[in-house]
Amino acid sequence: MDAFAAEYAWIVWLVLILIFVTIEMVTLDLTFLMIAAGSLGALLSGLLGAPWWLQLVIAAVLTITLLLAIRPPLLRLLKRGGDPARTNVDALLGLDGRVVSTIGATGGQVRLANGETWTARLSPGTDGVAEPGERVLVTEIDGATAVVVPMERNVP
């Protein structure tokens with residue numbers, strides 16, 4: 001059995017590498033890529049004549065080393081350049097709109113520049129009311145309510 005394992009171990013390592021790379025392509029987590037690299041180290045050691053048990057040790061040590069030392073910095077590097085586009089509530093902050101129904105401290109409605117109509121209220125500290133047709137700026141989203149300030153009052 002030992003001669004059989006030594007003669008065909010390279011095929012097993014090659015198949016494992018292909019399986020791990022395929023799984024990595026689906027998960028994109030770099031874990032299976034590190035395991036594939038450990039298997040590649042075992043494949044190379046087997047081609048250089050290492051016994052099967054040493055190939056297993058090399059695969060395990062190399063995989064653990066890569067998972068602990070290389071994977072975390074790679075993940076940080078990949079996630080550092082995240083998508084800069086603002087979405088959801090963040091995309092509404094700073095957006096201007098026009099008052100649809102009078103907005104006071106308790107509520108009203110505003111049509112935002114993106115075409116959505118929101119329930120709105122004036123930002124705390126803003127005096128008076130915002131009349132229909134007046135331009136406003138979204139400063140905050142509180143649940144389903146846009147907190148706004150009138151544009152001409154926004155300028156110091």
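This is a short chat about helices, strands and cores in a predicted model.

Me: Hi! What should I know about the model before we start?
Reply: Happy to help! This is a predicted model, where local features need pLDDT of at least 70 and side-chain atom pairs count only at pLDDT 80 or more, while totals for chains, interfaces and linings use all residues. Residues are numbered from 1 along each chain as its sequence is written, and side-chain values use heavy atoms, with hydrogens and water left out.

Me: Let's take the helices. Does the length of α2 agree or disagree with its 17 residues?
Reply: It agrees: helix α2 covers residues 31-47, and at 1.5 Å a residue it should span 24 Å, against 25 Å between its end C-alpha atoms. The expected span is 1.5 Å times one less than the number of residues. Helices here are DSSP runs of H or I with at least four residues, strands are runs of E with at least two, and both are numbered from the N terminus.

Me: And what about α3?
Reply: Helix α3 (residues 52-80) has 29 residues, which should span 42 Å; its end C-alpha atoms are 40 Å apart, and that agrees.

Me: Where does α3 bend?
Reply: At I70, by about 40°, and a proline, P72, follows within four residues. The bend is the angle between axes fitted to the seven residues ending at a residue and the seven starting there.

Me: How do α2 and α3 pack?
Reply: At an angle of about 145°, with their axes 8 Å apart. Axes are lines fitted to C-alpha atoms, for helices over the stretch in contact, and angles run from 0 to 180 degrees between N-to-C directions.

Me: Which residues meet there?
Reply: From α2 they include M34, G38, A42 and S45, and from α3 they include Q55, A59, T63 and L66. Contact means heavy atoms within 4.5 Å.

Me: Which of the α2 residues are buried?
Reply: M34, A36, G38, S39, G41, A42, L43 and S45. Buried means under 20% relative accessible area, exposed over 50%, and partly exposed in between, with a 1.4 Å probe and protein chains only. In α3, the buried residues are Q55, A59, T63, L66, R71 and L75.

Me: Switching to the loop between α1 and α2: is L30 buried or exposed?
Reply: L30 is buried, with a relative accessible area of 11%. L30 also has a positive phi of about 70° although it is not a glycine.

Me: And L28, buried or exposed?
Reply: L28 counts as exposed, at 66% relative accessibility. L28 is in that loop between α1 (2-27) and α2 too, and its phi is positive, near 55°.

Me: New topic: how many residues are in the largest nonpolar core?
Reply: It has 15 residues, and those with the most contacts inside it are I103, V110, L112, W118, A146 and V148. β2 (108-112), β3, β4 and β5 (145-150) each supply at least two residues of this core. Another core, of six residues, lies apart from it, with A9, W13, A42 and L43 among them. A nonpolar core is a set of buried Ala, Val, Leu, Ile, Met, Phe, Trp, Tyr and Cys residues joined through side-chain atoms within 4.5 Å.

Me: What does A146 touch?
Reply: Not counting residues up to four places away in sequence, A146 touches W118, T119, A120, R121, V138, E140 and I141.

Me: Last one: why does T145 in β5 count as buried?
Reply: Because its relative accessibility is 17%. Leaving aside neighbours within four places in sequence, T145 is in contact with W118, T119, A120, R121 and E140.
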